[in-house]
Amino acid sequence: MAIRAVVATPLIALLVTSGQQPVPPAVRYEQHVFAGGAAPPAGTLENPFKGDRRYAADGEKLFSAFNCDGCHAVGATGGQGPSLADGRWRYGGADGAIFHSIYYGRPRGMPAFGGVLPPDAIWRLVTYLQGLEPAADPSTTSW
Amino acid sequence: MTASTLLVVLALQHAVPGAPDGQWPMPAKDYAATRYSALTHITAANAKALRAVWSFSTGVLAGHEGQPLVVQQTMYVVTPYPNVLYAFDLAQEGYPLKWKYRPNVDAAAIGIACCDVVNRGAVFANDRIVYNLLDGHTVAIAAATGREIWNTKVADVRQGESTPMAPLVVGDRVIVGTAGGEFGVRGWVKGLDLATGRVVWTAYNAGPDAEILARPETFRPFYDKGAGLGQTTWPPDGWKHGGAPVWGWLSYDPALDLFYYGTGNPAPYNAEQRRGDNKWATSVLARRPGDGSLVWAYQFTPADNWDYDAVQEMILADLTVRGRRRRVLVHFDKNGFAYTIDRATGEVLVAEPYVVVNWAKRVDLTTGRPEVDSTKLTGASRGSVKDICPTLEGGKNQQPAAYSPRTGLFYVPTNNMCMDYQTTPVTYLAGTPFIGLNAPYKPGPGGNLGAVIAWDAGFGKKVWEIKEKYPVWSGALVTAGGVVFYGTLDGWFKAVDAKSGAALWKFKVGSGVVGNPITFTGAAGKQYVAVYAGLGGDWALLAGDVRSDDPADVRPPASFMPDLARHTSLGGIVWLFAL
């Protein structure tokens, strides 16, 4: 019932994929320590919409329509979930790392959206989040 | 009630044999939820000589709501997630641990705990400690050894259910409820068997009468009579994801054999998606502990437009109202009104604002309904509705008040804030928030964001007030020694005179206080006061700039409270004080 309700929204247009993109088996994380200095064989994912404001605008709509703002707040500035607008990333800020966080979820409370959002929609969300300007030094300016 | 059940009930009033007054066996000390202690060693005259005598780091950085228990010279402390349970031996120097219990709690629960990973405490009964893990499990632990006796899954994290509330034990029944008003749960309370943990009954707060256990032969509401209200006051199927969670406090009247609890907000926040009164969200419900039957219910905020949960404690007292002695419950609602209600019938006797209120002009005592200011109604089509008082944090939130039968006064931690409120349509998607809200806060009249007040619930009048710079998010404790204790968000723990509110003593405890003080008789008959320091509990309130534990999460300060992080940061400390 829930999925039907989602599809019934006007955002259906955003969910139609333009050609199926393969789901990656694994993503390489640049922030990891590689044992022996050797990175494991894994794919890197590139955001096909990187820097494109039209896709970022779609992503902003999806951010609200799929209740992301319920945890991360309007503008992704942080609520019960962490800020996604501070230029800092728990699980890496590379294209594939953010994609992975949304698609598969994360163990400390981030739901996996890969079952309701196709890769194209997730890339729109990634584009939106990557386009947010972090504040210069938010923690010390108001004292 | 039969004679035999009466005997059982009377025995339970003193559930812990020995010296019940020197102990603290349940969240609010007693079934009436008074948070009143008859101890008199610490008085208004000598409180200035209080000093810190012991502290302990829980090892957890999160909002330390709730309170310790003290039974038979052992102090029990439950931490926020991951819900470690510590047992301290108060009979030995330095209070070493007797044992600790480390449950395996599902980390996914972190993501569906709306307002920090808090735990509101445990209860002692039948030589066991019973409490809820955040991930929807209730556990019973042997008080002597720390051994897990049973572990029952009561709630489903994947449906947005979590369990931060403190259970209540009545006889052989453990009563628990679920949170999740921000995740579109269908709220409930359950009655478990204390011996085995088996779920004996489940009572939903909305839906068909058969499922809310509103039986025609026993359900006798004072105002809203009729069948099927839990269903007909919603759009079709709206109640299935309508919230009405249970994340606050429970109390119990042995003479009436009724337990009382409040329900949270209806979901989602956009009221246009759930036209109707939405019963029994934002209500008080009175049920029988044995089988869960609903005996009466009263809705404080019909068709809630402002996230005015009603989960705050129901304090049971016998008061004189308009010249008549009444058995009442007193409730300080998020909506800003303080209610004095006949606890046998559900009749509202007094309903007066205890903070600044502008969404309603008054409560009509003949109908029980608030007279709503239509300019303050919200909904997605109304855009941002400005300057609503109080905020969705409430005139008071979960922080429990205390009642002294000596002074006849209620001591109430309060918030003084107003808000703008803009909702948007939302779609239910299991496991994700069902909210749709942007609601910036601002200071209320006077500019102080909080206050502690003394309240006369027979008349519905404020007797004195202590203004505080920040919202007062800690509970209150009052003693027969005439002292009220509470803490502040910027980390002061304070003692004030119960008669006048005059300041007696304060101590900086290292982190903001959102827990509830208790008092007990320790070694050599000495009186001690315990409280947690550990800021947190609601990131919407705190903005998150008070945390330093996550380098990947940096936030600007809250616009209405820009300097809190100058005075405090996260913590997790148990403090003991004595003369």
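**Exercise 1. Strand β12(B) and its partners**

Task: In this predicted model, in which sense do β12(B) and β13(B) pair, and over how many bridges? Then work out which strand joins β12(B) through 3 bridges, and which residues of β12(B) are buried.

Solution. Step 1: Begin with the pair named in the task, where β12(B) and β13(B) run antiparallel and are held in register by 5 bridges; within this pairing, Lys190(B) of β13(B) is the residue that stands opposite Val176(B).

Step 2: Turn next to strand β11 (residues 168–170) of chain B, which is joined to β12(B) by 3 bridges in the antiparallel sense, with Val174(B) in β12(B) as the bridge partner of Val169(B). The hairpin of β11(B) and β12(B) has 2 residues between the strands, and Gly171(B) in this hairpin has a positive phi near 60°.

Step 3: Now ask how covered the strand is: 5 of the 5 residues of β12(B) are buried. Arg173(B), Ile175(B) and Gly177(B) lie on one side, while Val174(B) and Val176(B) lie on the other, and both faces are covered. As a general point, the side chains of a regular strand alternate between the two faces of the sheet.

**Exercise 2. A glycine in a loop**

Task: Where is Gly184(B) placed, and why does Gly184(B) count as buried?

Solution. Step 1: Locate the residue in the chain, where Gly184(B) sits in the loop between β12 (173–177) and β13 (188–193) of chain B.

Step 2: Apply the cut-off, by which a residue is buried if 20 or more other C-beta atoms lie within 10 Å of its own. Gly184(B) counts as buried because it has 26 C-beta neighbours inside 10 Å.

Step 3: Look at what surrounds the residue, setting aside neighbours within four places in sequence: the contacts of Gly184(B) include Gly160(B), His241(B), Tyr428(B) and Phe434(B). The C-alpha atoms of Gly184(B) and Pro266(B) are 8.3 Å apart in space, although the two residues are 82 residues apart in sequence.

**Exercise 3. Two open sheets in chain B**

Task: What is the strand order of the open sheet of 4 strands, and which strands stand at the edges of the open sheet of 5 strands?

Solution. Step 1: The sheet of 4 strands has the order β19-β20-β21-β22 in chain B, with antiparallel pairing. Its edge strands, β19 (315–321) and β22 (348–353), each pair on one side only, and neighbouring strands are turned by 30° against each other on average, direction ignored.

Step 2: Within that sheet, β21 (residues 337–342) and β22(B) share 5 bridges in the antiparallel sense, and Thr340(B) has Val350(B) in β22(B) as its bridge partner.

Step 3: The sheet of 5 strands runs β1-β33-β34-β35-β36 in chain B, and here the pairing is mixed. β1 (36–37) and β36 (503–508) of chain B are the edge strands, and because each has a single partner strand, one side of each is left without a neighbour in the sheet.

Step 4: A parallel pair in this sheet is formed by β1(B) and strand β33 (residues 477–479), joined by 2 bridges; Tyr36(B) has Val478(B) in β33(B) as its bridge partner.

**Exercise 4. Nonpolar cores**

Task: Which members of the largest nonpolar core touch the most other members, and which strand gives the largest share of this core?

Solution. Step 1: The largest nonpolar core has 195 residues, and Ile315(B), Phe410(B), Tyr411(B), Val412(B), Ala476(B) and Val484(B) touch the most other members. The largest share, 6 residues, is given by strand β38 (residues 527–533) of chain B.

Step 2: Take Ala476(B) as an example; leaving aside neighbours within four places in sequence, its contacts include Tyr411(B), Val412(B) and Val484(B), as well as Arg35(B).

Step 3: Another core of 31 residues lies apart from the largest one, with Phe63(A), Cys71(A), Phe99(A) and Ile122(A) among its members.

**Exercise 5. Chain A and its contact with chain B**

Task: How many helices and strands does chain A have, and how many residues does each chain bring to the contact?

Solution. Step 1: Chain A has 6 helices and 0 strands, and 38% of its 143 residues are buried.

Step 2: α3(A), with 13 residues, reaches 18 Å from its first C-alpha to its last, close to the expected 18 Å. Its buried residues include Tyr55(A), Leu62(A) and Phe63(A).

Step 3: The contact takes 32 residues from chain A and 35 residues from chain B. On the side of chain A that touches chain B, α1(A) gives the most, with 3 residues, and the residues of this side divide into 16 nonpolar, 12 polar and 4 charged.

Terms used
Residues numbered from 1 in each chain as written. Chains lettered and ligands numbered in written order. Predicted model: local features only at pLDDT ≥ 70, side-chain atom pairs only at ≥ 80, totals over all residues. Contact = placed C-beta atoms within 7 Å. Nonpolar A, V, L, I, M, F, W, Y, C, P; charged D, E, K, R; others polar. Expected span 1.5 Å × (residues − 1). Buried ≥ 20, exposed ≤ 12 C-beta atoms within 10 Å, placed from the backbone. Pairing = 2+ DSSP bridges. Axes fitted to C-alpha atoms, helices over the stretch in contact; angles between N-to-C directions. Core = buried A, V, L, I, M, F, W, Y, C linked by C-beta atoms within 7 Å.
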